[in-house]
Amino acid sequence: MRVSEVLNIPSLGGCRLIGGHTGTNREVLHVNMMDAPDIISFLKPNELLVTTAYHLKDQPALLLELITVMSQKGCAALGIKTKRFLNEIPKEAIALADELAFPIFELPIESSLGDVVNTTLSYILDKRTNELQYAIDTHKKFTNHILSGKGISQLLKSLSAMIGSPVILLDPYAKPIYFSKSDEKYIEPLKRFNSNDHYFFFPNTPFFMFSILENKETYSFFSVYTHDKKAGYLLIVNEILPNDHSTILTIEQATNVLSFELMKENALNQHYKRVKNDFFYHFVDGEYSSQEEIINRAKEFFLQNDQKYLCLNGLIDGNKVIGSYTQNQLKIDAIYEFIEDELKFFPFRSHMFTKSDVCSLLFELNDVDQMNAVVLPTIKEIQGKIKNQFGRTISFGVSNVSMNLLNVKNAYKEAEDSLEIGLQTGKLAFIQNYRTKDIMELLRSIALQDLRDFYQNALAGLSAPEFEEDPTLTQTLFVFLETHCQISETAKRLYVHRNTVVYRLEKCEELLGRSLTDSETTLQLRLAFQIKTILDS
């Protein structure tokens, strides 16, 4: 209840406002009656004080101090019963009240301070009762709205009609998720505001406001909470004053109902994600028996076989663990949820899958060139936002473009290998493209004991005394294999006669017990020489 409403209570007829006329919109939550000399110590915000000014009759200057302190403490107003102990309110006090916009009014001599207090409190209680009843009715209305299956969008439209302002639901990172087409004009300035990372500094309070100069609109934000986190914000395109109890109660009831609806949606989404993740990782692990089964199951998740795909595997950098393992995993999940929200604004369809601390992204491409032109720049931008928002970095391994869904299994392995190669370099926040491994890289991925066994089997004859006594045999064999078994080219490189090469190769065949014209033999020998390099290093 505002001071102006208090002055209009019928039973308080005869009250006269004499100072602080511009402050009559101050809110009255409490009413007190006091004449104690230390009255200042007992003052409360939004309190209406009525007094006979008995303790001020001999010290009028104390009235100025009282007015100043009441204004500083956010009190509502001061009512003084004149013509009893204080004949009139000093002009200095009225001037100070006008300066501070702090209302002062005179109570008529015939009024009882007790009646003034009781009457005012009665009106305040009646008003609060009506507001609470209105809140209950509003909550029932919104609850029935959701239970009838009309959904969040219709609820926001209903709330907008009730408060006379556009209403938009935002996610925890201030990106719009529910809004009407007519509200898009308010969203575009907000998106540009977000692009400057202002939303990272939203205060952690249930209610706050700010204005955007671009469209000169005031945005009021009400936090929407679920049982364990902030689920988002209810944005009202208007200034909602703290003393507008009716509007605030209406909005609070809407946020309460929205909390339960968002919890329900989240539970359904989590179930869908689990099923989708199970399908994808069973698929890339080769656990399905037929291609037909893969194609049919993929359709449930809007994955078509005749579509080009690009696969990325992402991993949060470092071993930074804050708190328990569960808390750290929740932090990782929050980062991956953020990525998923960012991908909703991607120019073409994308799919996200998660398994423990790894996320896999599938992008549907119309053209191979879109990888470098669109996908990778977007991923780089998301990396920057994650660093600003969460103080963490994330790296990605990128596959080649897969021509259809069935080949995504190979693309996933490529993305996995790319991520591993990037991690071995020790870099952070990288995007590693896939490249085919050469022979040496493949050989190094094999256990050393297996390499030794293959080497000893392929080149068993090299331990013969003839090889050890005449190193030209080994050299000739090596160059012969490197020149693709061309005798003339071998002789040219060794600066020897062709017949010398033929003699040496015949000697090698004799010691190895195998013909050098056999392709399988030459392949094994070439691999053996590559393995020797690894074993000697």
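Two strands are said to pair if DSSP finds at least two bridges between them, and helices (H or I, at least four residues) and strands (E, at least two) are DSSP runs numbered from the N terminus. The model described here is predicted, so that local features need pLDDT of at least 70 and side-chain atom pairs count only at pLDDT 80 or more, while totals for chains, interfaces and linings use all residues. Residues are numbered from 1 along each chain as its sequence is written, and side-chain values use heavy atoms, with hydrogens and water left out.

Strand β3 (residues 47-51) pairs with β4 in the parallel sense over 4 bridges, and T51 has I80 of β4 as its bridge partner. Between these strands the chain passes through helix α2 (residues 61-72), in a β-α-β crossover that is right-handed, meaning that, with the strands pointing away from the viewer, the path from the first strand over the helix to the second runs clockwise. Strand β4 is also joined by 4 bridges to strand β5 (residues 104-107), and these two run parallel, with I80 standing opposite E106 of β5. The chain goes from β4 to β5 by way of helix α3 (residues 91-100), again in a right-handed β-α-β crossover.

Because 5 of the 5 residues of β4 (residues 77-81) are buried, this strand is largely enclosed by the rest of the structure, where buried means under 20% relative accessible area (1.4 Å probe, protein chains only). A77, G79 and K81 point one way from β4, whereas L78 and I80 point the other way.

Helix α4 (residues 113-147) contains T119, which is buried at a relative accessible area of 19%.

How values were computed:
Buried means under 20% relative accessible area, exposed over 50%, partly exposed in between (1.4 Å probe, protein chains only).
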